[in-house]
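Work through the exercises below with the model open beside you. Try each task before reading its solution.

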Amino acid sequence: MDVIRIGTKMSLTINHIVLFLVGMFFCVSSFSQEPIDVANLSIKLSFDQTQDYYYSFDTGDEIVFNFQMKKGRHFKYVEIASPTNVISTEFKAKKIANQRIKVLNKGVYRFRFYSSSLTNRVANVNIQRVPSSIGRKSFNTGWRWERVIDTAYIPYVKDSLTGYKITPYQETVKELIEAKEEEVLLFQKSQRVHSFYNRNKSKTYLRVDLPRLENTVLKSERLIAWAYWIGVGNEGKEAYEQNIKSFSNLIANAADAYCQTPLAGLAVGTITDLILPSTGEDVDYSFVNDYQNVQNFLNGSQYYLFDSGKGRAAFGRNDSKKHGTFYICLYNDNLTRGIDVDVKVVAVKETKLYEFRKYNKQRKEPQYVKLNKIRMQITEKKYRVPVE
């Protein structure tokens with residue numbers, strides 16, 4: 001028998017050494033084939049739901065992964081990822097048996113499960129690890145958050161105010177220099193209206209032209225309103241004279257009064273009522289917009305009007321019709337007696353006069369210089385890291 005001498009006192013046969021090495025091999029192999037449970041999971045997912053689980057593994061570990069559907073056909077996908085990349089993805093996963101993954105570097109691994117089914121689905125998952133050595137059997141597979149502060153210095157350019165530059169200039173401004181209101185006599189006439197049985201018609205009309213307004217760059221005119229008086233016979237004239245006296249007393253103390261007649265006061269709202277006669281003949285009157293309706297009135301046809309009435313006298317105000325022409329139609333229904341109708345129409349217009357004026361002004365213009373600066377930007381990030 002061959003003998004190997006070690007030193008001077010120890011000697012082993014080759015058979016003894018072989019038996020010793022074989023025994024050690026089977027011990028290590030026996031240990032390496034015993035996986036340690038990391039997690040036993042029952043995962044329930046509903047429509048469009050994702051569930052992630054994280055576990056730490058040591059360098060040299062081997063991950064053993066098992067997946068089995070218990071309710072439903074499959075998960076849309078099952079994915080395993082290392083800290084740096086996706087290791088495996090199983091689409092329409094029904095069953096995964098003893099999938100083994102070698103861990104090259106210690107880190108936190110992610111196990112992701114996703115379902116797109118409209119119904120709830122359930123799967124059982126078992127995750128195990130085979131340690132690289134007996135000493136690493138008790139490795140903690142938990143994880144924790146680690147916060148990292150990242151500081152960056154970002155260059156930027158900023159405009160810095162150094163002062164102001166004064167620049168003289170001229171500005172032309174359109175300014176109002178005068179605004180006034182004035183009354184305009186549009187119509188005044190005593191009109192004869194014959195009786196019903198007279199050979200002349202008992203109907204007649206009067207034409208009234210509203211003033212043309214001038215609007216230019218330096219002048220603008222606006223018709224505020226117009227007012228009318230219709231009075232029959234001497235009674236109507238006397239009543240209007242009384243209105244003139246009353247109105248004169250009203251405006252006697254107003255230094256800036258521009259209204260000279262009761263109708264102007266009525267047009268601008270200074271007065272709201274006039275004296276009317278209590279005796280005398282009356283007249284029918286109508287206000288129409290165009291001559292065609294005047295012809296219809298004279299012929300006894302249907303016609304359109306915007307004001308009408310009947311009385312010994314009448315007055316009124318209009319602020320809606322401000323341009324063009326209108327007609328006053330008069331009708332005497334007395335069978336034998338003709339009447340004289342006194343008609344007055346007064347408008348009040350506003351005139352504004354402008355003027356271009358030049359002013360010397362100064363403009364302050366800010367002056368800037370560009371400065372190169374650096375801004376510190378701090379960013380905090382979180383990472384999952386193994387507990388140990």
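**Exercise 1. A turn of backbone**

Task: Locate D48 and describe its backbone and its exposure.

Solution. Step 1: place the residue. D48 sits in the loop between β3 and β4 (49-57). Step 2: read the backbone angle. Phi of D48 is near 55°, a positive value in a residue that is not glycine. Step 3: set this against the general pattern. Most residues other than glycine have a negative phi. Step 4: check the surface. D48 has a relative accessible area of 49%, so it is partly exposed, given that exposed means over 50%.

Now repeat the steps for N98. This residue lies in strand β8. Its phi is positive, about 50°, although N98 is not a glycine. N98 also counts as partly exposed, at 49% relative accessibility.

Keep in mind throughout that this is a predicted model.

**Exercise 2. Overview**

Task: How many helices and strands does the protein have, and what share of its residues is buried?

Solution. Step 1: count the elements. There are four helices and 18 strands. Step 2: take the burial. Of the 388 residues, 34% count as buried. Step 3: look at contact range. Among contacts with a separation of 6 or more, 82% are between residues 24 or more positions apart.

**Exercise 3. An open sheet**

Task: Give the strand order of the four-stranded open sheet and find its edges.

Solution. Step 1: write the order. It is β3-β10-β5-β8, with antiparallel pairing. Step 2: find the edges. β3 (36-45) and β8 (95-102) each have a single partner strand, so one side of each has no neighbour in the sheet. Step 3: add the twist. It averages 15° from one strand to the next. Step 4: inspect one pairing. β3 and β10 (residues 121-130) pair antiparallel over nine bridges. Within it, D37 has Q128 of β10 as its bridge partner.

**Exercise 4. The two faces of a helix**

Task: Which residues of α2 are buried, and which exposed residues lie on the face turned away from them?

Solution. Step 1: check the length. α2 (residues 233-251) has 19 residues and spans 28 Å from first C-alpha to last, close to the expected 27 Å. Step 2: list the buried residues. They are G233, G236, A239, Y240, N243, F247 and I251. Step 3: test whether they share a side. They cover an arc of only 100° around the axis, which puts them on the same side of α2. The general reason is helix geometry: with 3.6 residues a turn, residues three or four places apart point the same way. Step 4: turn to the other face. It carries the exposed residues N234, E238, K245 and N249. Step 5: find the cover. What lies over the buried residues of α2 includes β13 (219-232), α3 (262-268) and β18 (339-386).

**Exercise 5. Aromatic pairs**

Task: Classify the ring pairs Y205 with Y327 and F306 with F326.

Solution. Step 1: note the total. The model has 27 aromatic pairs. Step 2: take Y205 and Y327. Their ring centres are 6.1 Å apart and their planes stand at 65°, so the pair is edge-to-face; that class needs an angle over 60 degrees. Step 3: place them. Y205 is in β12 (residues 203-209) and Y327 in β17 (residues 325-331), so the pair ties together parts 122 residues apart in sequence. Step 4: compare exposure. Y205 is partly exposed at 30%, whereas Y327 is buried at 8%.

Step 5: take F306 and F326. Here the centres are 6.1 Å apart and the planes at 80°, so this pair is edge-to-face. F306 is in the loop between α4 (291-299) and β15 (307-311), and F326 is in β17, 20 residues away. F306 is partly exposed at 27%; F326 is buried at 0%.

Step 6: look for a cluster. Ring pairs link Y53, Y55, F57, F65, F67, F75, Y109, F111 and F113.

**Exercise 6. Long-range contacts of β18**

Task: Which residues does Y359 contact, leaving aside neighbours within four places in sequence?

Solution. Step 1: place Y359. It lies in β18 and is partly exposed at 33%. Step 2: list the contacts. They are Y169, Q170, E171, V173 and E175. Step 3: gauge one of them. Y359 and Y169 are 190 residues apart along the chain, with C-alpha atoms separated by 8.5 Å.

Notes. Residues numbered from 1 in each chain as written. Predicted model: local features only at pLDDT ≥ 70, side-chain atom pairs only at ≥ 80, totals over all residues. Heavy atoms only, no water. Pairing = 2+ DSSP bridges. Axes fitted to C-alpha atoms, helices over the stretch in contact; angles between N-to-C directions. Expected span 1.5 Å × (residues − 1). Buried < 20%, exposed > 50% of the residue type's maximum accessible area, 1.4 Å probe, protein only. Arc of directions from axis to C-beta. Contact = heavy atoms within 4.5 Å. Phe/Tyr/Trp six-rings, centres within 6.5 Å; stacked < 30°, edge-to-face > 60°.
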